[in-house]
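Biologist: I am new to this structure and would love a close look at a single part of it. Could you walk me through what surrounds one strand, step by step?

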Amino acid sequence: MGNDKKLTVLDAECYNCKEIIVPVDENKEEDGKKLYSCPNCGTEFTIEKTIVFEEDFDVSPTIH
């Protein structure tokens with residue numbers, strides 16, 4: 001159902017500096033999870049799960 005799209009940009013909030021960033025993939029794993037780092041402060045972290053769905057178009061409800 002719907003259009004399947006690959007996730008291309010991942011936004012996250014850094015746990016250390018509290019900035020919204022695009023995490024840098026460190027190409028490392030810790031406990032079987034991918035390890036990322038903050039481009040601002042260098043804090044390394046894993047991403048548990050983050051799913052945000054944004055509509056590509058404005059939906060206006062139909063009144064019957």
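Modeller: Here is a walk around Lys33, its contacts, the loop before its strand and a pair of cysteines. Please keep in mind that this is a predicted model.

Let's start with Lys33 itself. Lys33 belongs to strand β4, which covers residues 33-37. Is its side buried or exposed, or something in between? The relative accessible area of Lys33 is 37%, so this residue is partly exposed, as the partly exposed class sits between 20% and 50%. Once neighbours within four places in sequence are set aside, Lys33 is in contact with Lys28, Thr46 and Glu48. Phe45 gives another way to place Lys33: the two residues are twelve apart along the chain, and their C-alpha atoms are separated by 9.6 Å.

Now follow one of those contacts across to Thr46. Thr46 sits in the segment after β5, a strand made of residues 44-45. Its relative accessibility is 16%, so Thr46 counts as buried, the limit for that word being under 20%. Beyond its neighbours within four places in sequence, Thr46 is in contact with Tyr15, Lys33, Lys34 and Leu35. The contact with Lys33 therefore shows up again when we look from Thr46, with contact taken as heavy atoms within 4.5 Å.

Next, step back along the chain to the loop between β3 and β4, where Asp31 is found. Asp31 has a positive phi of about 55°, although it is not a glycine. Asn27, in strand β3 (residues 24-30), also has a positive phi, near 55°, and is likewise a residue other than glycine. Why point these out? Most residues other than glycine have a negative phi. Asp31 is exposed, with a relative accessible area of 76%, and Asn27 is exposed too, at 68%.

Finally, let's turn to the cysteines. How many disulfides does the structure hold? The count is zero. Cys14 and Cys41 show why: the cysteine sulfur closest to that of Cys14 is in Cys41, at 3.7 Å, which is too far for a bond. Looking from Cys41, the closest cysteine sulfur is in Cys14, again at 3.7 Å. A disulfide would need the two sulfur atoms within 2.5 Å, so this pair is not counted as one. Cys14 is buried, at 0% relative accessibility, whereas Cys41 is partly exposed, with a relative accessible area of 34%.

How values were computed
Residues are numbered from 1 along each chain as its sequence is written. This is a predicted model: local features need pLDDT of at least 70, side-chain atom pairs count only at pLDDT 80 or more; totals for chains, interfaces and linings use all residues. Side-chain values use heavy atoms; hydrogens and water are left out. Helices (H or I, at least four residues) and strands (E, at least two) are DSSP runs, numbered from the N terminus. Buried means under 20% relative accessible area, exposed over 50%, partly exposed in between (1.4 Å probe, protein chains only).
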